[in-house]
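Colleague: I would like a close look at the enclosed spaces inside this protein. Please take me through the cavities and what lines them, then the nonpolar cores.

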Amino acid sequence: MSHAASTLTGAPTVMRLSGITKRYGGVTALSQVDLDIRPGEVHAVLGENGAGKSTLMGVATGATQPDEGTIAVGGTEVDSLTPRSVTDMGIAIVHQHPAVLPDLTVLENLRVALPSSVLPLGGGTEAARAIVDRVGLDIDLGDRVDTLTLAEKHLLEVAKAFALDPTLLILDEPTAPLGADAVDRLFALVRSAVDGGTAVVYITHRMAEVRQLAHRVTVLRDGEVRGTSTVDEITDEDLLGLIIGRRLDSTFPPKPDVRDDAPVGLRVTGLSGHGFEGVDAEVRRGEILGVAGVVGNGQTELLRALAGLDRFTGTVEAAGTGLTQATLRADAAYVPADRQSEGLMMKMSVRENAALLALTFFRRSGLTSRRRELDAVHRSMDSLSVKSASAEAPVSSLSGGNQQKVVLARALLSEPPLLVADEPTQGVDVGARAEIYTILRETSERGVPVVIASSDAKELEGLCDRVVVMSRGQVVADLHGDEVTETRIIQAAVTSTAEVVADAERNRTSRLGRWLDSEYTPTLLLVAVMVLLTVLIAPGNDRYLSAFNISNLLLGATAVGFIALGQNFALLTGGIDLSVGPLAGFLVVVASFFVNDGSSAVRVVTGLVLMLAVAVGVGTVNGLLIRFGHFTPIAATLTLYIALGGFAFLLRPTQDGYISITFQTAINSTVGPLPVAFLLLVALVVVLELGLRRRRWGLVLRGAGSDEDAARRVGIPVNRTIVLAYVAASTCCLFGALLLMGQYGIGDPSQGSAFTLTSVTAVVLGGTALTGGRGTFVGTLAGALLLQQLLNATTFLGLGSTSQYYFQGLLILVAAVVYTLLGLRRRRLAGV
């Protein structure tokens, strides 16, 4: 079959990719690839993992820039594409790994990904509800995405794509985690879109889906086009030959003939836990146990319990030995369905990921032997045919299927007493799938019990010796031997009348779970602590609530508050700004040369403008070093921390340069007991908080910190966003410096450094995550107020000045424990 023979001369195209070549170092991912995409047609793209399918679609959607080749959209050649520009062109993609931002809610994800013409930023709740209902996604719009199941995340990705009513829709393995009903709904949506003239590119490993849906099919292998044909003109056998370059005799390895008196390999008795109850199962040594059922009926929860990750009651025995939850958690191997968030450390290398659980086997004289580790990892990679530039390549650079093989390699290297695999071949090509089946069978024959959950009944039929079918958390059928057929498995799943396990309990706790998941919970806790402190101190000292003390307390909190707001910008991006304290101090030193008694208005304005320029310059340098100099945030801002401290001492070796009394009076002015500066801080916090939730800049800022890769794929300009965040951080420091000018009244080169740690403390107490993506400006303000109240309280309680640091440390420790427990609690309530 020739590629050229299938192309109709003069046929209209929505997009034409010509001569596309892409290299990563010495590896050629794509080589001279041509692809024509036509309106009103589903064009399937098949190929093994690492064949270049996702890279090609990355080129088509602007996420990847080709080294060679041309792209024409609607007959017009374009110089380059970006994720945002392709959206404007009517091109949408459903990624294999959903481009969703985990720290944002469902509604916020829709708002950040969709243009305002589709979903207005300030409202559009009904429109958003219609978007998710269209794909059958039954979730609350206020649910945070990190609480959704993998299937729900995929459906959210599908919903975003169809909401655009695109002219070109690219679907990259869209059905991998979906149940049968969701797949049927998706196919119906695709057919409806195609009938309306939409062009669809469908990337899959499932040839049955190609037969159901596609009009044409193109096969990639090793980054090159191996052929294109209409679907009805090519056989499955020919497609397999093009995909893997060889002929497969059988997909599944032969099942062993295990005698009835063979020793029991795994026995599960009365196993109950979150989402399932009363599970009994038993397999002989050498047999594989399958877990079937419609997606979401307790299979994943059961497997997590068998891996020791979740609590359970009942007994688990392997080879006659009872296994507790602690033993399973320490020794059992678990292959999760969501490899990226649960299975891999994406910033680590292939070798590090594969060897992580087996390091004890590589010890020599108490140290890890690098040679043993490399030999074992290379053998495992070779046996699983992992395609990687080297063992030291970052695992994030691998295709989805090769990433799955690395997860499996790690599980096997650890020599576990039990291997538990949830959708082990999800997103894996047909050739590698056969290899994984063989590995799983060989593992079972070595005496290691193997338990597999799969939404593919045909896979369970071909691989497993015994299958338990689950419905609503209960086993509704136990099939063995000849009973293990696709028909029997599906029939048992769809005809079950079992009742939902603990459904009432989940309904009762869902609202509590959302409250615990709220980013404002830490703020409420801080307010409660402040009220408690006031109740404890005020009765014993009538000066505590005096106008004078309140004014001083709030004025001190205002300086810390402004600097902490700047720190919050940095932490929301997943970074940190160590330079905020020295910057505030340096700006006061600069001001001490200009804002003096007797200075002209022009001189004062010049000084303030210079302070602004320095602040913006420092923020810009920080951002550029991080994003384009590839410094870590700590390294970049520590550099500025040291430099600013040095420059301050160069300008003012000792305290000198008194700030204008008039300026100090203006800064410290009050309305009753309330400082004007504090009222301005509160007003700024309200504006920033509303923007963080309801304006695009706020969603973009949180999105960039939540998941940088997903943010880039939905069109967020990550580099620009983070650079501007550091500029905003430094600008907030300028306001803090103005307060310090009013409070200290002199250029002191050493006065700012302490504010760096204080600002971090205030932000962390306010609930902002150090990993980015989550936080509030209101919480930061509450944190600053609490810290200042603690300082104030030490005076009234007659404690030494050093005690404030002990209190701060204790607060951070308590906050870390409480926030962690709240997070674990909310995830249990969400069932994830």
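**Cavities and cores**

Modeller: Bear in mind that this is a predicted model. I start with the second largest cavity, which has a volume of about 110 Å³. Its lining is made up of 12 residues. Gln96, His97, His154, Arg339 and Gln426 are the ones closest to the centre. By class, this lining has 5 polar, 4 nonpolar and 3 charged residues.

Now the largest cavity. Its volume is about 230 Å³. Here 18 residues form the lining, and Thr87, Ile93, His95, Arg713 and Val714 are the closest to the centre. Three elements each supply at least two lining residues: helix H2 (83-88), strand S6 (91-94) and helix H5 (150-163). The class split for the largest cavity is 12 nonpolar, 3 polar and 3 charged residues. In total, the structure holds 5 cavities of 30 Å³ or more.

Next, the cores. The largest nonpolar core has 78 residues. Within this core, Phe569, Leu587, Val595, Met611, Met741 and Phe777 touch the most other members. Helix H20 (residues 547-572) gives the core its largest share, 13 residues.

Met611 shows how such a residue is surrounded. Setting aside neighbours within four places in sequence, Met611 is in contact with Leu587, Val590 and Ala591. Its contacts also include Leu734, Ala737, Leu738 and Met741.

There is also a second, separate core, with 55 residues. Leu189, Tyr202, Leu239 and Leu242 are among them.

Note on methods: Residues numbered from 1 in each chain as written. Predicted model: local features only at pLDDT ≥ 70, side-chain atom pairs only at ≥ 80, totals over all residues. Heavy atoms only, no water. 1 Å grid on protein atoms, 1.4 Å probe; cavity = no way out; pocket = protein on both sides within 12 Å on 5 of 7 lines; lining within 4 Å. Points joined across faces, edges and corners; volume = space filled by probe spheres on them. Helix = DSSP H or I, 4+ residues; strand = E, 2+ residues; numbered from the N terminus. Nonpolar A, V, L, I, M, F, W, Y, C, P; charged D, E, K, R; others polar. Core = buried A, V, L, I, M, F, W, Y, C linked by side-chain atoms within 4.5 Å. Buried < 20%, exposed > 50% of the residue type's maximum accessible area, 1.4 Å probe, protein only. Contact = heavy atoms within 4.5 Å.
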